[in-house]
Structures are given as structure tokens and as C-alpha cells.
Amino acid sequence: MTNNNMNPVKTKPDFFEQFFQLTKRHLLVFFKNKLRVFFTLMVPFIIFLIYALFLRDLELSTVSGILDDLATKQGNAEIKELASDEKFMHLMRTLVDSWMLSGILAITTVTVSLQCNIMIVNDREQGVNRDFASSPVSRNVLICSYFAFNFLVTALICLIFLIVCLIVLGGLMEFFLTFVDFLQIVGVLLYASVVAVLFTTFICSFVKRDSTMASINTILCTVIGFLIGAFMPLAMLPTAIQYVCTFIPGTFSCSLLRFSFMSTPLSMLTDYVTNTAQLSQSSELISELMLNFGYNVSFFGIDLAPWAQAIGQLIIIIIFFILNILSGKKVVKVLGSVGKKFKKKK
């Protein structure tokens, strides 16, 4: 006998499959918009061109000023003569270029992530989330898919620009990075991408219109380089501003990237002025140069070592992770009367 009262078996949705398909959908939509991809790629390259064409000579001229001031202060003419030492200036150009390129990479993590968030806001404004709310898609899976999409695009474009930076350093005969340095740079870059994604997505959660997000994108892309110390050392800013900048996501990313880029060139420069040039005030010279082209961050008067910066970065990740959990509903909020449908899905 057959049991006619048997209920059909309900199968639970495959959350992993949903996550994969949604992330794939976001990536396809993003890369299908060629104009958006073009402008996302162009931001770091425009900053790089501005540096190469205008700022590089200005930064290098700062070195001569540092040598002149230190020679006068120390009463040592040998320091001033280093400006005509080709080997020393080659190492200094390597240090300056590494300092600036790593700063541009830090900016790139934020600007690319912001561009990705424009698509998220666009989904919300055009009612795409309404379709998701009407389907058996878990809200939590949708939120995670947006984060994964943002991270993948940010990391990919940053790695592409990293390769460009390494090619530039090689073309200038300034490539002194070891394999360990390269692995460290990639690790820090991925670490920085996580921070940028959490930071920008939290901002995105409060934006309802594509035009508003575009305005925020323009403003933040303009000022972020100054706030994280990418264009100039934070020590040049007023003390109160320095304190504020240490709490901005991206500041520690910039410093850690600079440490990874500059560790080997700085060691070579220190060895040259100490052992080859045999400069008596070599430690004073290196300290003065590090004030202008260094990677230290002062936290309320305390200079943080790279390991302390990494811990500070982790604390920022935890804070914004919690903030994104609290504001996660806003990321996938449906604009309209059907916004409550997502609440029924766990």
C-alpha cells in the first residue's frame, strides 16, 4: 500500500551554491560595464602619471634640501657632497620611488573598492534587490557575496597595478626587492584590501542613490591620499590632524606597504653611507631622511613599529567587521514596499 499522506521532502537551499552564483553574477555585471572597469583602472594610473610627470622631481629636490640643512646643522661638508654621489642618489631615487608607489597602492585599495560599491548601490536603486527578495535567496548569503565580489575585484586590480609598479622599478634600474619582500608586499596588499572593503562597504550601506555614491567617491578619492599619508608624511600635518589620521582605515595599510617596499633599499642605503661612504653622521642622515620618506606612524606621540601597525590594522578590521554586521541589512535593503520580505529569510 502506498501512503498518500506522505508529505513531499523539502530540500534546503544550497547556500554555498547561492554564494558562488551571486558572486559570479556581481563579477560578470561589473566587468561587463567596460566604462566602469576603465575608470576603475585609470584612477591609480592617473595618480602615477601625476607623480612621474610633476611630483617626482619635487620629491627628489627635497633630498638636496635635507642634505644642505643637515650639513649646515652638523657642520659636515661631506653630507652636502653626497648630492653629487651617483651611487647615493641612485639609492635615494629608489627609496623615493618605492615610497611614492607604495602610497599609490594604498590609495588604490580604497578607490577600487569604492568603485565596486557604486554597483552595489546601483543594484539597490534600480530594484535588483527586489528580485532577490522575491527569490529563495538568503539575505546573509547576498551580503557575503557583495563582500566577496568587492574583495576579489579590489585585490585583482591592486595586484595588476603592483606588477606595473615592479615593472617601472625594473625599468628605472631600481628593483632591489627580494622574493621575501615580494611575498610580504602581496600579503600586506591583500590585508589592506580587506580593510578597504570593510570601510567602503560600511559607508555604502548608508547611501541610497547612485549619484550620491558617485559624489562620495569623488570626494574620498581626492582627500584619502592626504589623510593616510600617501602624498606627504603625516609628520608634516598639524598634531591634531595626525591623531585623527591614525584612526582612518588605510593609514596603517600605507605604512605597512612602505615598510615592505623600502626595507631592502633602506638597508642598502644605510650600508652605503655607513661602510662605503664612511659618513660619520650616517645615523643622523638616515633618521632625517626617514622623517620625510619613512614608514613610521605616530600614535599620540608614540612611534609604532610595523608589527604594532599590523595589530592596529587588525583592530580596525574587527571594528569595521562588527559595524558591517550591525549595518548589513542596509547593504541589501530594498527601496520600496517589499523591503520586509528579506526579513523572513534566515
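## Exercises on a predicted model

Helix 8, residues 210-227, comprises 18 residues and extends 25 Å between its first and last C-alpha atoms, close to the 26 Å expected at 1.5 Å a residue. The structure examined here is a predicted model.

**Exercise 1. Describe the course of helix 8 and its surroundings.**

Solution.
1. Begin with the axis: helix 8 bends by about 30 degrees at C221.
2. Next, identify the buried positions. In helix 8 these are M213, N217, L220, I224 and G225.
3. An α-helix has 3.6 residues a turn, so residues three or four places apart point the same way.
4. Then establish what covers these positions: helix 4 and helix 7 are among the elements that cover the buried residues of helix 8.
5. Finally, inspect the end of the helix. Just after helix 8, G229 adopts a positive phi of about 80 degrees.

**Exercise 2. Determine whether the span of helix 6 agrees or disagrees with the expected value.**

Solution.
1. Helix 6 covers residues 139-171 and has 33 residues.
2. At 1.5 Å a residue, a span of 48 Å should result.
3. The end C-alpha atoms of helix 6 are 48 Å apart, so the span agrees with the expectation.
4. Just after helix 6, M173 has a positive phi of about 60 degrees.

**Exercise 3. Classify R56 as buried or exposed, and list its contacts.**

Solution.
1. Locate the residue: R56 belongs to helix 2, residues 34-74.
2. The cut-off for a buried residue is under 20% relative accessible area.
3. R56 has 18% relative accessibility and therefore counts as buried.
4. Leaving aside residues up to four places away in sequence, R56 touches Y51, R93, D97, L172 and E174.

**Exercise 4. Find how many cavities of 30 Å³ or more the structure holds, and characterise the lining of the largest cavity.**

Solution.
1. A search of the whole structure yields one cavity of 30 Å³ or more.
2. The largest cavity contains about 30 Å³ of space.
3. Its lining consists of T109, V110, A192, V195, A196, P249, G250 and S253.
4. Assign the lining to helices: helix 4 (86-125) and helix 7 (179-204) each contribute at least two residues. Helix 7 gives the most, with three residues.
5. Sort the lining by class: five residues are nonpolar, three are polar and none is charged.
6. Compare with Exercise 1: helix 4 and helix 7, which each supply at least two residues of this lining, are also among the elements covering the buried residues of helix 8.

Key:
Residues are numbered from 1 along each chain as its sequence is written. This is a predicted model: local features need pLDDT of at least 70, side-chain atom pairs count only at pLDDT 80 or more; totals for chains, interfaces and linings use all residues. Side-chain values use heavy atoms; hydrogens and water are left out. On a 1 Å grid over the protein atoms alone, a cavity is a set of points where a 1.4 Å probe fits but cannot get out, and a pocket is an open set with protein on both sides within 12 Å along at least five of seven lines; lining residues have an atom within 4 Å of a point. Grid points are joined across faces, edges and corners, and a volume is the space filled by probe spheres set on the points. Helices (H or I, at least four residues) and strands (E, at least two) are DSSP runs, numbered from the N terminus. Ala, Val, Leu, Ile, Met, Phe, Trp, Tyr, Cys and Pro count as nonpolar, Asp, Glu, Lys and Arg as charged, and the others, Gly among them, as polar. The expected span of a helix is 1.5 Å times one less than its number of residues. The bend at a residue is the angle between axes fitted to the seven residues ending there and the seven starting there. Buried means under 20% relative accessible area, exposed over 50%, partly exposed in between (1.4 Å probe, protein chains only). Contact means heavy atoms within 4.5 Å.
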